Amino acid sequence: MASSSEDKKFGYIPKDYVVPEDLDYLHITSNNTIYGTQHKSFPKVSVPLVCDMSSDIFSRKVDARQFALIYAGAQKNMGPAGATMVMIRKDFLEKNKSGLLTMLDYKTHVKAGSMFNTPPVFPVYVVMLTLRWLKKIGGVSAIEKINNEKAKLLYEEIDRNSMFEGTVISKEDRSTMNVCFRLRNESLEPEFDKMWKEANISGIRGHRDVGGYRASLYNALPIESVKVLIEVMQEFERKFA
Ligand SMILES: *Cc1c(COP(=O)(O)O)cnc(C)c1O
């Protein structure tokens, strides 16, 4: 482990840490879905950089040239669970260990055009439809604008509203995908839960390890849904402040 923010409950993205130069690679995860932090930029390292982008792939523009390998499960921004996208730089592919099991060797899949075994046809098909939809609305730069707008609205409300507080310590590391917050007075949770459920909101309970609340704003979530949550938060403040 090159660095960690465990000391502050993973409430920030570690920066300016020293990475040994004799590593095979450095692995990072671009967005932390549990604690709601996100790399806005990526470490500049001399070793190959490998990134798990499962939870923010295609949500914003990223310069792929920084990475030796990017992988992402489809199930958040791309399509249904069951497919995984891997992008690997050719020179990095050549550096793989010998003696890997056939199935675990990316070379196998590159050589076979990703059809070494039967691909999960339905998830791949839905990923295609989702990517066509994304292209039609203006591509990654268009969805990035919408995602930034959604996150900005919600974080502004969390900061303004006297009943709530954000749980990420460094505001510059706040995720645009997973907005984590909690009640300043947690004994009011049953009251708040009743209100958002009545507004037909679902799934904003925080991860089981963390508690509190987490609103996930993946590509598929329209800005109107964010506005509904904000209205509930404002009504909650009017009633209980
Ligand atoms: C969503 C996510 C997971 C969990 O994926 P499951 O398929 O639900 O296990 C794990 N790691 C990262 C980085 C994720 O974004």
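In this predicted model, helix 3 meets helix 4 through W133, L134 and K135 on the helix 3 side and G139, V140 and I143 on the helix 4 side. Helix 3 covers residues 121–136, and its axis comes within 7 Å of the axis of helix 4, the two crossing at roughly 80 degrees. Because angles from 65 to 115 degrees count as roughly perpendicular, helix 3 is described as roughly perpendicular to helix 4. Helix 4 also packs with helix 6, and a ligand is surrounded by residues that include T29 and K76.

**Helix 3 with helix 4**
- By class, the residues of the contact between helix 3 and helix 4 divide into 4 nonpolar, 1 polar and 1 charged.

**T130 in helix 3**
- T130 has its place in helix 3, and, leaving aside residues up to four places away in sequence, T130 touches N77, M78 and G79.
- T130 and T167 are 37 residues apart along the chain, and their C-alpha atoms are separated by 32 Å.

**Helix 4 with helix 6**
- Helix 4, made of residues 139–160, and helix 6, made of residues 223–240, pack at an angle of about 5 degrees, and their axes are 9 Å apart.
- Angles under 35 degrees count as roughly parallel, and helix 4 is therefore roughly parallel to helix 6.
- On the helix 4 side the contact is made by E149, K150, L153, L154, E157, I158 and R160, which meet I223, V226, K227, L229, I230, M233, Q234 and E237 in helix 6.
- Sorted by class, this contact of helix 4 with helix 6 has 8 nonpolar, 1 polar and 6 charged residues.

**The ligand and its surroundings**
- The residues around the ligand are T29, T33, D52, S54, S55, Q75 and K76, and by class this shell has no nonpolar, 5 polar and 2 charged residues.
- An oxygen atom of the ligand is 2.6 Å from an N or O atom in the side chain of Q75, and for the side chain of K76 a distance of 2.6 Å is likewise found between one of its N or O atoms and an oxygen atom of the ligand.
- Taken alone, the ligand exposes 390 Å², and the protein buries 47% of that area.

How values were computed. Residues are numbered from 1 along each chain as its sequence is written. This is a predicted model: local features need pLDDT of at least 70, side-chain atom pairs count only at pLDDT 80 or more; totals for chains, interfaces and linings use all residues. Side-chain values use heavy atoms; hydrogens and water are left out. A residue is near a molecule or strand if one of its heavy atoms lies within 4 Å of it. A polar contact is a pair of N or O atoms within 3.5 Å; within protein, one must be able to donate a hydrogen and the other to accept it, and residues adjacent in sequence count only if both atoms are side-chain atoms. Accessible areas come from the Shrake-Rupley method with a 1.4 Å probe; for residues, only the protein chains shown count as cover. Ala, Val, Leu, Ile, Met, Phe, Trp, Tyr, Cys and Pro count as nonpolar, Asp, Glu, Lys and Arg as charged, and the others, Gly among them, as polar. Axes are lines fitted to C-alpha atoms, for helices over the stretch in contact, and angles run from 0 to 180 degrees between N-to-C directions. Helices (H or I, at least four residues) and strands (E, at least two) are DSSP runs, numbered from the N terminus. Angles under 35 degrees count as roughly parallel, over 145 as roughly antiparallel, 65 to 115 as roughly perpendicular and the rest as oblique. Contact means heavy atoms within 4.5 Å.
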